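Student: I have a model open and a few things to ask about it. Can we go through the contacts between the chains and then some odd spots in the backbone?

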There are 2 protein chains.
Amino acid sequence: MNKLISFIWSIVLLLCLTFVSKAQQSTKLIYTDARELTMIGKAEKGKMFFHRLDTSAHKAIPGVVKSLATNSAGLAISFITNSSSISAKWCTSKQATANNMTGIAYEGMDLYIKRDGRWQYGGVARPVSHDCSEAMIVENMMPGEKECLLFLPTYDEVLSLSVGVDQGAELRPGTNPFKKQILVYGSSIVQGASASRPGLAYPAKLSRESGYNFINLGFSGNAKLEASVADMIAAMPMDAIILDCVPNPSPEELLARTNYLISTIRRSHPKIPIVCIQSVAREKGNFDKVVAARVALKDKYFKQEVNKLQKQDKDLYLIEADGLLGKDQEGTTDGIHPNDLGFDRMLQKIKPRILKILKRYRI
Amino acid sequence: MNKLISFIWSIVLLLCLTFVSKAQQSTKLIYTDARELTMIGKAEKGKMFFHRLDTSAHKAIPGVVKSLATNSAGLAISFITNSSSISAKWCTSKQATANNMTGIAYEGMDLYIKRDGRWQYGGVARPVSHDCSEAMIVENMMPGEKECLLFLPTYDEVLSLSVGVDQGAELRPGTNPFKKQILVYGSSIVQGASASRPGLAYPAKLSRESGYNFINLGFSGNAKLEASVADMIAAMPMDAIILDCVPNPSPEELLARTNYLISTIRRSHPKIPIVCIQSVAREKGNFDKVVAARVALKDKYFKQEVNKLQKQDKDLYLIEADGLLGKDQEGTTDGIHPNDLGFDRMLQKIKPRILKILKRYRI
């Protein structure tokens, strides 16, 4: 008898919720330009709202780095709403998704909502074309105010974005929930390949899990330690800097440029911690002995250059790469870029190290 | 002085390897039609080499299931070669990649090579178009014979495939390295969404890690427990069957069809273990209360129906879904489909349960 009553209640509840859902679907959605909300995750303010850098202010950096700086990796829109649903309309460049990424990561978005003191997955904005899309991210939410972060595409340039809420619901800019400024300079792995959605790129995950503001300066295939980029980074007001930049340069470039990169940053920032990470990209060398030797040589050169500087620099740290992705070679999408499992394993190793360093400096 | 010698040796080694690599690149590749090699992962033999099922032999199953049975999820080509490189030329349908998957998973391939008694990641075949592609999967390998498994696209129909090796190298069919026949019937999650490459779909990973032959009968969005599909599965000669089929049917369909599915299989297989799994797809309901209620109701109905049958069936098992993807909601790509982190967590929970059951039956 109890089972029958419980069964009937389940049906009634489902019917009610379905009815609420249908009613909500017919609620008109009101869209607000994201430029009226709060953008977080930038290294510096600039006149291009959706770009990571104002490239007109950095004339010396290579053209390809400027182009990648238009990708919105690590940027997120902070807002507060009491709406029961959240949707998005957005346009990106016409560029198609790379074969080692999902469309959601490359040119879509994901939403996090703070609940019980923790940033929790809320939904995804799936791209329905390579340029403009509209998507319902989450609906049928409980009443009440929600603090939201909408992570923007990691590999495309956002041309426009509007956030939709129920007619009559409040939508207002949020604050930046993350403290301090910690720059992460690196390759495609920093930019977010091959996390399955933007919020799973490792700097974004580090921010949510630690409360620090990790800023994504990952430049896919082009984190080559150029002097102009070193000069640009050195001029940025940062509390700590992470250099995860071994994967892209050749061994010779790495040998020639590591000292300049670190020394230049150190001159502008005499006291901040600088944390260097060896190349996580190594599974392609599991059977390819040329790749394995190349990665080993780059790691060796990087370590050697960092070690030299460490002799006079007690605030310079090195995290070695061995075992960062686990031991089973299942942590990448393509032998180079960590998948979500690889990123999770990597964070389990580097997060405590980084947080311990930040704590030591009372950051 | 020792450091200088070690440095010079590193340079010499890299130059040698680069030279070998360049020489290998100019080695002519000889392609062999995959139909001359060994196909593994099928539930039954059939005249369509690259299809999971010979759909002409299963006239009663729904058209959409027939269509999905042409996708090569879970199929792999087994071969042995002493080549230093392995490449592929293949054609799939013109279908574009879904936004919650990578191109590599959807219409590309990945290679595993057995080393030290373990299947290890060898490389990926990246699709360069939505129809025909050619890709170098791995090169610069050490001499010697390699036992290989090339996992085919999880979401596309393969129209042709040739495997390339160095001119003069041997290439011959392998054997099926996996024992017994364990069918996994389910949704897109079984088919492989959203693993980042084909070999990370969970039945494939289970096979490599356990040595059992887990057969992928995942039908994206269409594992709806239809009577015709139940009849088809029941007729297949299997040593165990896993039913991970809660995500697709409506609660009503699940309530109406679970008994028929299980009873029909049981009549044909009086003694084999049948393992039922509740819905792993639940993060979309983290904030959406309609989705949460729907998933909970389906899990409840499924459990209820399985529990009823368990009263007279001691070989029927249920794995409950709670916590299968972890507790942080970071284990999916889109709130529905596990990403590689989610699959890893899921396997850590279900693999020991499944292996214990198989052991009990001396399978």
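Student: How many salt bridges are there across the interface of chain B and chain A?

Tutor: This is a predicted model, and the rule finds six salt bridges across that interface. One pairs B:Arg197 with A:Glu330, where the closest N and O atoms are 3.5 Å apart.

Student: Which residues are linked in a network with B:Glu330?

Tutor: A:Asp110, A:Arg197 and A:Arg208 are linked with B:Glu330 in a network of salt bridges.

Student: And how many residue pairs are in polar contact across the interface?

Tutor: There are 42 such pairs, counting those with both residues at pLDDT 80 or more.

Student: Which elements of chain B give two or more residues to that side?

Tutor: The helices are α1 (2-26), α3 (103-107), α5 (202-210), α7 (251-268), α8 and α9 (340-360) of chain B. The strands are β5 (109-115) and β6 (118-125) of chain B. By class, the side of chain B that touches chain A has 24 nonpolar, 17 polar and 20 charged residues.

Student: What area do the two chains bury between them?

Tutor: Chain B and chain A bury about 5,300 Å², and 53% of that is on carbon and sulfur atoms. In chain B, the residues that lose the most area to chain A are B:Asn99, B:Tyr121 and B:Phe287, together 15% of what that side buries. The contact takes 61 residues from chain B and 61 residues from chain A.

Student: Now B:Glu283. Where is it found?

Tutor: B:Glu283 sits in the loop between β14 (274-277) and α8 (289-310) of chain B.

Student: What is the nearest side chain of opposite charge to B:Glu283, and how far away?

Tutor: That is B:Arg282, 6.1 Å away. A salt bridge requires N and O within 4 Å, and B:Glu283 has none, although it is buried.

Student: So what is B:Glu283 in contact with?

Tutor: Leaving aside neighbours within four places in sequence, B:Glu283 is in contact with A:Tyr121 from the other chain. Within chain B, its contacts are B:Leu325, B:Gln329, B:Thr332 and B:Gly335.

Student: Back to salt bridges. How many does the structure hold over all chains?

Tutor: The total is 38. One of the pairs is A:Asp54 with A:Lys47, with the closest N and O atoms 3.8 Å apart.

Student: Buried or exposed, for A:Asp54 and A:Lys47?

Tutor: A:Asp54 is buried, because its relative accessible area is 11% and the cut-off for buried is under 20%. A:Lys47 is exposed, at 66% relative accessibility.

Student: Where do A:Arg257 and A:Glu253 lie?

Tutor: Both are in helix α7 (residues 251-268) of chain A, four residues apart, about one turn of the helix. Their side chains meet in a salt bridge of 3.9 Å, N to O. A:Arg257 is partly exposed at 26% relative accessibility, and A:Glu253 is partly exposed at 24%.

Student: What about B:Asp131 and B:Lys94?

Tutor: Their side chains form a salt bridge too, 3.9 Å from N to O. B:Asp131 is in the loop between β6 and β7 (132-138) of chain B and B:Lys94 is in the loop between β4 (86-92) and α3 of chain B, so the pair ties together parts 37 residues apart in sequence. B:Asp131 is partly exposed, with a relative accessible area of 28%, while B:Lys94 is exposed at 66%.

Student: On to the backbone. Which residues does the cis peptide bond in chain A join?

Tutor: A:Ala193 and A:Ser194, with omega about 0°. A:Ser194 is in the loop between α4 (188-191) and α5 (202-210) of chain A. In chain B, the peptide bond from B:Ala193 to B:Ser194 is cis, with omega near 0°. B:Ser194 is in the loop between α4 (188-191) and α5 of chain B.

Student: Why bother flagging these, or a positive phi?

Tutor: Because most peptide bonds are trans, and most residues other than glycine have a negative phi.

Student: What is phi at A:Asn140 and at B:Leu225?

Tutor: A:Asn140 has a positive phi of about 60°, and B:Leu225 has one of about 55°. A:Asn140 is in the loop between β7 (132-138) and β8 (146-151) of chain A, buried with a relative accessible area of 2%. B:Leu225 is in the loop between β12 (212-218) and α6 (227-234) of chain B, and at 1% relative accessibility B:Leu225 is buried.

Conventions:
Residues numbered from 1 in each chain as written. Chains lettered and ligands numbered in written order. Predicted model: local features only at pLDDT ≥ 70, side-chain atom pairs only at ≥ 80, totals over all residues. Heavy atoms only, no water. Buried < 20%, exposed > 50% of the residue type's maximum accessible area, 1.4 Å probe, protein only. Lys, Arg positive; Asp, Glu negative; His and termini not counted. Contact = heavy atoms within 4.5 Å. Buried area = accessible area lost by both parts, 1.4 Å probe. Polar contact = N/O pair within 3.5 Å; in protein donor to acceptor, adjacent residues only side chain to side chain. Nonpolar A, V, L, I, M, F, W, Y, C, P; charged D, E, K, R; others polar.
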